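Here are two short exercises to work through with the model open beside you. Try each one yourself before reading its solution.

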Amino acid sequence: MKLLHNLNPPQKEAVQHGEGPLLVLAGAGSGKTRVIVHRIAYLIHERGVPPWQILAVTFTNKAAGEMRERIRHMLGDGETPLVSTFHSTCARFLRNDIKSLGYDPNFAIYDDKDCERLLKDCSAELNLDEKRYPVKLLGSSIDEFKNQGMTPFDVPADSPYQATLARVYRCYQERLKRCNAVDFGDLLLLTVQLFEEHPEVLEKYLKRYRWIMVDEYQDTNPVQYRLVQLLAGERQNLCVVGDDDQSIYGWRGADIRNILEFEKDFPNVKVVKLEQNYRSTKNILDGAWHVVQKNRGRKPKRLWTDNPEGESIVYRTLPNEWEEARLVCREIERFLSEGGDLSEVAVFYRTNAQSRVIEDAMVAASVPYHMVGGVRFYARLEVKDILAYLKVLDNPADDVSLKRIINTPPRGIGNTTVQRIAEFANEKGIPFHDAMLEGAYGPLLPAAAKGKVAAFVNEMEGYKALSEKLPLSELTAAVINDSGYYARLKSLPRDEGQDRIENLQELVTAMQVYETGPGEKGLADFLEQVALVSDLEHEGDGKKASATLMTLHSAKGLEFQLVFMIGMEEKLFPHARALENPEQMEEERRLCYVGMTRAKKRLFLLNVRRRHIFGQEQMNAPARFIADIPKELLDGGDLWQRSEPSHNFSSSSSSSHNLASLFEDEMEPEVADNEVRMVPEDGEDGIWVGMKVRHAQFGPGTIRKIEGEGDNQKVIVWFNSLGGPKKLLVRFAGLERA
DNA sequence: CGGAACTTGCTTTTT
DNA sequence: GCAAGTTCCG
């Protein structure tokens, strides 16, 4: 076993550390996962620790998956340690022992949307003014309370406002319990409560899990911190790995002090620093360091690398987001022509909304890509609808799901009826489901409504019966058909219905895959996966090479040879909401650091002069981070406010464009409007047959024909250079009026 | 009660 | 610019 082979001295030190707390400060690209994996193998092989005594906790499913994979690769197929996210770990504990807290073990896990529905009911019950207490705000406040480890009774009523929040929180919590449901925050908080109020339960887990590892420790919030402490027990065989420079989840309650003060919390801790970076070129590493080094709340340190200096970091400013996207595609093509591998390419953006333009450009340029995150599959309307049927079958007390489907598709059970049932449920403090039965069989409702509700109850009983004999995928197919949901989608206009039908087919396929996979095959287990994994893994796409699109947040832990960071503009990145708050600004800076340090060989920092946000044109200054990178590391750095020359079509008509003033609104010459207006927004005034245009590549030409509208608008242009026509998507052509 | 037409408010980031 | 929520009408 070459366990210690190819490890540098500090890595070895971390791997070989025995009992007692261990803090590994692992810089970007310093072989962090490697250390965890090797350490686990070391414990098992050299220390004789049984695998089932080891628990490794991560933040994301992706990280857990990767770690599991690498452990299996190292240890083979035998028994493996439990590697899972905080939330899945807690869900597992709660499924076993939540009875002690008065919930049923088949509790549902609510996502944000579900919680919002519930909160709305609470808000109504408490007669709150929705203007003063927007549901969104209530939700985030409660989430924050939970992250801090506070129950409704821990909320200090030091102002009327706080007192109201506490009341909402209490109401919300009661309702969740009545639904036999928990939210994400509860998974952690209830587990802590469980352990603190029932020491005998904790004892059970302490006996079993004797070695605890926590990845990305800098991202733990106070509840997670408490959980880790509880699980460490007196043994304190606790190994935490993290990097304060990569703490990017402050908004989710993560407290960077957890890692900065770990040494205080565990006085006899062993600290190991991993400072050699194996990933990036010197230029990239240096550039990133200059960005993050400005932060005050960090442990002073500087990574080093034996890697070559490498290429300069490339900085470019484009006229608009479409040109930005096109540059990305062109550079990807260049990279491929140099023999690069598409799976080594990533595009990072600050907000999900930015992905669309890139996607469109990639489709147009035929660059295969896949998106990580984004609109989650299981969050789609139609998927949630069908899942709601299944959730009710699994847990009839689930009010939110039941109310969702009772009249979806329409079965003539209107608002009045639902309201009456809900009122009855509230009066009695019983689940909506029980009140609904009363409606179907008792004197609660007028005859017409009663009949319809009874029919629905019947329908659900039918599914329940099916659920006992059919595999999940077939049950689901039956629900989709028999409920009339499918017929309804069919009846929609083609463009609306088709996507949704395909999504439902994908849902059934996902279930079939799940059924043939290993492990549990039940409905409850599937639902848990859906709640916690929250996205379909598209690994099955045959590892077909494709570029990766994702937010900066989901980029953490990954690496690529070629990285683009787009939208490097003030108000976007750093995000507008961070501008006023120094702490949040530090987090943006770390986010920038995380993004840059993902790049192994080539790094592009891009921004645009004008961008559409909320459908409105905005002009923002370049991200401040650009100016923090020494000019000698940057290609384009000395001209940092200059437009990208070779792709700035109007540069010939106005050389003043090349100078620094472009970002100042007043100075913006109107000539620049041309190229922007040419980008079709709603197909309005911009173009007409016979119009003379200029194309970056093909030069001057004349529009012969216009086809389609909006995003799909195409033009046929007769180009002089070609001596013939060319069909172009207006959106991507970047045509300029000639 | 159901569906169309209109209005709104929204965007950080994820389990 | 868009999706979701609300209002209004048949």
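**Exercise 1.** Work out how helix 16 and helix 20 are oriented to each other in this predicted model, and which residues meet where they pack.

*Solution.*
Step 1. Start with the geometry: helix 16 spans residues 381-394, helix 20 spans residues 447-469, and they pack at an angle of about 75°. Their axes are 10 Å apart.

Step 2. Now classify the angle. Angles of 65 to 115 degrees count as roughly perpendicular, so helix 16 and helix 20 are roughly perpendicular to each other.

Step 3. Look at the contact itself. From helix 16, Tyr389, Val392 and Leu393 meet Met460, Tyr463 and Lys464 of helix 20.

Step 4. Sort these residues by class: five are nonpolar, none is polar and one is charged.

**Exercise 2.** Describe the protein surface near DNA strand B and pick out side chains with polar contacts to that strand.

*Solution.*
Step 1. Find the neighbours: DNA strand B is surrounded by 32 residues, and the closest are Arg350, Asn352, Gly412, Thr416 and Arg577.

Step 2. Sort the surface by class, which gives 17 polar, eight charged and seven nonpolar residues.

Step 3. Ask which helices take part. Helix 18 (415-428) and helix 25 (552-555) each supply at least two residues, and the largest share, three residues, comes from helix 18.

Step 4. Turn to the DNA side: 59% of the strand B atoms within 4 Å of the protein belong to sugar or phosphate, and the rest to bases.

Step 5. Finish with individual contacts. Thr416 places a polar side-chain atom 2.9 Å from a phosphate oxygen of DNA strand B. For His575, a polar side-chain atom lies 3.4 Å from a sugar or linking oxygen of the strand. In Trp251, a side-chain N or O atom is 3.0 Å from a base oxygen of DNA strand B.

Terms used: Residues are numbered from 1 along each chain as its sequence is written. Chains are lettered from A and ligands numbered from 1 in the order in which they are written. This is a predicted model: local features need pLDDT of at least 70, side-chain atom pairs count only at pLDDT 80 or more; totals for chains, interfaces and linings use all residues. Side-chain values use heavy atoms; hydrogens and water are left out. Axes are lines fitted to C-alpha atoms, for helices over the stretch in contact, and angles run from 0 to 180 degrees between N-to-C directions. Helices (H or I, at least four residues) and strands (E, at least two) are DSSP runs, numbered from the N terminus. Angles under 35 degrees count as roughly parallel, over 145 as roughly antiparallel, 65 to 115 as roughly perpendicular and the rest as oblique. Contact means heavy atoms within 4.5 Å. Ala, Val, Leu, Ile, Met, Phe, Trp, Tyr, Cys and Pro count as nonpolar, Asp, Glu, Lys and Arg as charged, and the others, Gly among them, as polar. A residue is near a molecule or strand if one of its heavy atoms lies within 4 Å of it. A polar contact is a pair of N or O atoms within 3.5 Å; within protein, one must be able to donate a hydrogen and the other to accept it, and residues adjacent in sequence count only if both atoms are side-chain atoms.
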